[in-house]
Amino acid sequence: MSDPIRLARPDVGTAELAALGEVIESGQLTMGPKVAEFETSLAQAVGTAHAAVVSSGTAALHLALLALEIGPGDEVIVPAYTFPATANVVELCGARAVLVDVDPDTFLVDPSAVAAAVTPRTRAVMAVHLFGRPVEWEALQTSVPQEIVLLEDAAGALGARYRGTPCGALGVAGCLSFHPRKIVTTGEGGAVTTDEAALDEAVRRLRHHGWATLGDMPSPGFNYRLPDLLCAVGIPQLARLEELLAARERVAGWYTERLESLLLTPSAAEGDRHGWQAYVVQLERRDEALAGLREEGIEAQIGTWALHRLDPYRAQGPFPGADQAFERALALPFATTTTEDEVERVVAVLARFV
Ligand SMILES: Cc1ncc(COP(=O)(O)O)c(C=O)c1O
């Protein structure tokens, strides 16, 4: 059998190792200068006034909601097809995650479904740029009254742009993830990006036990900090964001060229830039294709989850768009270092199932 092909391969190496060594030698493993350095670079990359790093993308989502004082009695609109964390954090704030259906072709929230789900209790919409494809932002804005806050789950969208504006800078706050399947990784990590100083300050308090300054704790908080060790790993990668995205665009192009006549391939809308967190195709015989790829030593995976099929959200639905996406989506091996030969091997197997 040929060499196995991994689903994802983080693009980390000697620069990250050197950066880790430097932090270890400094003795300042957390709450040191690497945090601010990484945050400044992130704010610059996203084009927001502030970026506060936290321990995961989930922590970023959780703190963005808490910083907005979303809680019991409130509703937050969430797509029915997304990573469960998007909705889980809403529920864990004591608010209700109100699921709405997605367009199965793009995997993204349907603005007319959002409009239909608005009630007097709706405080926010969690817009997910799923797999890196930017949400139709203007359509979303016009689908809800102005007092409803638009938040971005940009976990997979660092580098993506909606009509030129970076994802993470579209909503009142953007939530990033640095999990190893993301374009920039710190192993685990996340960030909240925003132009609003008060929101940024609230996130910073909440990630650090609730301290405004040491001894002054207006409300309780968590330890959701990202240590210097991990910020140091993120800095050299973020410096290469454009290069990493260009490499992913090249791999996506190889796949699309070979697959677009066979099945539904991912793309961004005209004028947008896809963030290529993952390369997710859709086909009827998804389960057979997944098994077939695995038999050949090729790691593949379902796209993500239809939340109304999970216990906390079973009472909601039906969501035929999310069902279709859940049953048909297939994430192919995808990394900056994926080779054209690897793409050829994946395509050869997939072609048997279309
Ligand atoms: C859309 C989406 N939201 C949130 C998250 C959570 O991020 P993390 O794994 O960093 O907590 C992910 C992670 O996969 C995601 O894909």
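β12 pairs with strand β14 (residues 329-332) in the antiparallel sense, over two bridges. Within this predicted model, Q301 stands opposite A331 in β14. The two strands belong to an open sheet of three strands, ordered β11-β14-β12, with antiparallel pairing. The edge positions are taken by β11 (279-282) and β12 (301-302), each of which pairs on one side only. Strands of a sheet pair through backbone hydrogen bonds, in either the parallel or the antiparallel sense.

**Domains and their contact**

The protein is divided into domain 1 (14-239) and domain 2 (241-353). Taken over C-alpha atoms, the centres of domain 1 and domain 2 are separated by 24 Å. The contact takes 37 residues from domain 1 and 34 residues from domain 2. On the side of domain 1 that touches domain 2, at least two residues each are supplied by β3 (81-82), α4, β7 (161-162) and α8 (228-239). By class, the residues of this side of domain 1 divide into 20 nonpolar, six polar and eleven charged.

**Nonpolar core**

The largest nonpolar core has 117 residues. Its members that touch the most other members are V54, A60, L63, A64, V76 and V192. The largest share of this core comes from α3, which gives eight residues. Both domain 1 (14-239) and domain 2 (241-353) are represented in the core, with at least three residues from each. In soluble globular proteins, nonpolar side chains tend to be buried together.

A60 can serve as an example of the packing. Leaving aside neighbours within four places in sequence, A60 is in contact with V54, C175, L176, G190, A191 and V192. Of these contacts, V54 and V192 are also listed with A60 among the core residues that touch the most other members.

**Surroundings of the ligand**

The ligand is surrounded by 15 residues, and the closest are G57, T58, F83, A155 and S177. Two or more residues of this shell are given by each of α3 (57-67) and α4 (85-92). By class, the shell around the ligand has five nonpolar, nine polar and one charged residues. The helix α3 thus appears in two settings: α3 gives residues to the shell around the ligand, and α3 provides the largest share of the core. The helix α4 likewise contributes to the ligand shell and to the side of domain 1 that touches domain 2.

**Backbone features in loops**

Two residues other than glycine have a positive phi, as listed below.

| Residue | Phi | Loop | C-beta atoms within 10 Å | Class |
|---|---|---|---|---|
| E69 | near 60 degrees | between α3 and β2 (75-79) | 11 | exposed |
| W276 | about 45 degrees | between α9 (241-259) and β11 | 27 | buried |

Why does E69 count as exposed? E69 counts as exposed because it has 11 other C-beta atoms within 10 Å, and the class is given to residues with 12 or fewer. W276 has 27 C-beta neighbours inside 10 Å and therefore counts as buried, a class that needs 20 or more. The loop that holds W276 leads from α9 to β11, one of the edge strands of the open sheet.

Where is the cis peptide bond, and which residues does it join? The cis bond joins G317 and P318, and its omega is about 0 degrees. P318 is placed in the loop between β13 (305-306) and α11 (320-328).

Key
Residues numbered from 1 in each chain as written. Predicted model: local features only at pLDDT ≥ 70, side-chain atom pairs only at ≥ 80, totals over all residues. Near = placed C-beta within 6 Å. Helix = DSSP H or I, 4+ residues; strand = E, 2+ residues; numbered from the N terminus. Nonpolar A, V, L, I, M, F, W, Y, C, P; charged D, E, K, R; others polar. Core = buried A, V, L, I, M, F, W, Y, C linked by C-beta atoms within 7 Å. Domains from an automatic or database assignment. Contact = placed C-beta atoms within 7 Å. Pairing = 2+ DSSP bridges.
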